[in-house]
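Got your viewer open? Let's take a short walk through one part of this model, one selection at a time.

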Amino acid sequence: MSDWVFRAEGVTKSYDKGKSFANREISIEVFPGEVYGLLGPNGAGKSTFVKQVIGLLKPDSGSMRLGEHDLIVDPDAARQLCSYLPQAPMPIESFKLHEAIRLTGEIRGGERDAIAARSEELIEALQIGEWRDTLGAKLSGGVRRLVGFVMVTVVPGRVVILDEPTNDVDPLRRRLLWDQIRRLGEMGAAVFLVTHNVMEAEKSVDRLAIISDGALVAEGTPSSLKIADRGCLRLQVMLSPGAVTPELPSLAREHSRVGNLLTSVIDEDRAGDGIAWARSLMGQGIAEEYALGAITLEDAYIRLTGHVSEEPVEVAS
Amino acid sequence: MTVNAIAPPLGLRAGPRYWWGSLSAVLRWQLTSMRLLLPLLVIVQMLIASGFSIGMSLFFSEVSPTVGLYLGTGSAIITLIVVGLIVAPQLIAAEKEEDTYDFTWSLPTPRSAAVVAWLVLCAIVSVPSMILALVVASWRLEIDYTLNWSIVAAVLLVLVCGTMIGYALAHAIPRPSLTQLLTQVLAFGVLGFTPITFPLENLPPWLASVHQVLPFYHMGVIVRGGLTQGLVEVLWVSYLVVLAWALTAMLVTALVLGRRK
C-alpha cells in the first residue's frame, strides 16, 4: 500500500554540460493533503523542477518518488499519477469550454458521468458557466486559465502541479480559485503551487520552499520563515513621483525600492521613530503617504533571495 | 460545495481497456482541436487531388492510356502521403511554437495510442482525397484501373510510412522553424523530383539510384501494383524498402518520444 508521499532527493539539473544549473541538490517531501508552494524569482528553476516531476525533463542526478513509484524511471506512471497545469497557454482554441474539460477528464481516466457532474460543479464554483459553450479562442486569458485549472483537476492526480495558476485571473475569481486549490488538498492530493506571487502564497500554502538560482534556500511554513524577522515591522513610504530615495535613518535594517514604494524593515520598539521619520518626509514633500504593518512573507522572501528591486536603490548623499 | 469530487487515483491503469480508451479519447481530442482546420484541410486536399488531373487534361489535348495511368495514379499516391509527411509535421511544429506541446505530452496516455490516433487522423484526410484523385483522373484522363487486393496493404503501408517519417521528423527536430523549412524542401522534392508521376528511367542515373534507396519511388510502385496491371513490375523489394523506412521512422519516433531532455 502506497503512502503517496512525494519525495525528491538531491535533484540536480544542469544545462550546457554543467556550465549552468537549473536545479542544485533539491530535496523536499510533500505529503498528501498539503498545498506546497514553490517560490522564487523568474528563472530560479521552479518550472524546471516540476517539469521533472511530470517527466517532461530528466534530472542529471537525484531521485523523485511518489509513494512506491519511481517517477524518473517510470515517466508513464508520473503522467498517470500527477496532473500538470503548465505556465504556457492551454491548446483549447477549437474547444468549447465544457468539451475541453470533459475530454481531458476522460484522458485522465475518469468515468463520463462522474466527470460531467464534477465539471459542472467546478464551472459553477469558479463562476465561468456563462462561457460553457464558448470556443476557447473567444475566451479571455483569465477564463482560459481557469478552464485550464478545471481541465487538470476535474480528475486530479495524486500530485497536482499548478504553475502560476492565478495569472490573468480577476481578483474575485482568484479567491474562488484559491478555495478550489485548498479543496484539492482536502481530497487527498498533494498540490505543488509554483508562483512568484508571495502575498497570495502566504495565505494559501501549508508549507513552501524558496528557490533561488536553482537551489533551495529555505523551507517551512510561512510563519516559520518569518521567524528571523520576529520583533520587526515593515514601514512602507510612498515617495513623491521623481523623488530621489532619501537618506535612510539608522533604524532601517533593510530597505528596497520598487517604483516609488520604499519599504524598510524596522525594530518593533522603534516604531515611533519610524513614524516620525516618515512624517518628516511628508512634511518636506518627499513622500505622499506611509504605512506601518506586520512583517510579511514577502519581506522574508526578499531577505532570502535578494530579489525585489526593479531598480537599484539610490540613496541621496 | 464539493459533492461530486473524483478522488485521486489509487494505482496505475494498464491493459487493453486503458489503451483503447486512450486511443478513443486522444482521437476525439485531436479531431476537436482541429475542428476549425480539418474541413478546410480536407477541401484543400481534395482540390489539389483533383486539380492535378484536371490541369493535365487541359494542358494536353490527348493523353495516351499509359501516360494517363501514370499521371492519375501518381497524383493519387502524392495525395496519400502529402498530409502525413508535410502538413502534419507543420501542425506539430506549430504546437511547439505556441508552447502547447508540453501540456499535450504531459497527458496520461500510452505513447503508442497517441501515435495510432495521429495515423488515423492523417488517414481521415488522406484516403478520401486519394479516392477522389483516382475518380477525377479516371474521368478527365479517361483511364481504367485494374484493382486487386494488394491495394489495401499498399495504401496502408504507404500511409503509415509517410506519416511516420513526418511524425518522427517533427518530434525529433527541436526548432519549429527548422521543421517548417524541411517540410518545404520535402514538398518541393516529393512533388517535383520524385519518380511518382513519371518513370524512374526518366531521371539521371545518379538520381535514379538515390531513389532506389529512398521510399517515395517504391511507394509509387506498390500502390500502382494494386491499381493497375502491366504498368509496373512490383517487386517484393519495393514492399521491403517501404516497410524498412516505416519501421525506422517508428523506431526514431519511439526514441524521440521516450527521450527526456
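Here is a tour of one sheet and the helix beside it. Keep in mind that the model is predicted.

**Stop 1: a covered strand.** Select residues 261-267 of chain A, which form strand β13. Is this strand mostly covered or mostly uncovered? Mostly covered: five of its seven residues are buried.

**Stop 2: one partner.** Now add residues 252-258 of chain A, strand β12. β12(A) pairs with β13(A) in the antiparallel sense, over six bridges. To see the two strands face each other, click on His255(A), which stands opposite Ser264(A) in β13(A). The two strands make a hairpin with two residues between them, and there Gly259(A) has a positive phi near 65 degrees.

**Stop 3: the other partner.** Next, pick residues 232-239 of chain A, strand β11. Seven bridges join β11(A) to β13(A), and the pair runs antiparallel. Look for Cys232(A), whose bridge partner in β13(A) is Asp267(A).

**Stop 4: the whole sheet.** Add residues 287-294 of chain A to bring in β14. Now you have an open, antiparallel sheet of four strands in chain A, in the order β12-β13-β11-β14. β12 and β14 of chain A are at the edges with a single partner strand each, so one side of each has no neighbour in the sheet. From one strand to the next, the twist averages 20 degrees.

For β14(A), the partner is β11(A): they pair antiparallel over seven bridges. Leu233(A) stands opposite Ala294(A) in β14(A).

**Stop 5: the helix.** Finally, select residues 271-283 of chain A, helix α9. Which strands does this helix touch? It packs on the sheet, touching β11, β13 and β14 of chain A, and its direction makes about 165 degrees with that of β14(A).

Notes. Residues numbered from 1 in each chain as written. Chains lettered and ligands numbered in written order. Predicted model: local features only at pLDDT ≥ 70, side-chain atom pairs only at ≥ 80, totals over all residues. Buried ≥ 20, exposed ≤ 12 C-beta atoms within 10 Å, placed from the backbone. Pairing = 2+ DSSP bridges. Axes fitted to C-alpha atoms, helices over the stretch in contact; angles between N-to-C directions. Contact = placed C-beta atoms within 7 Å.
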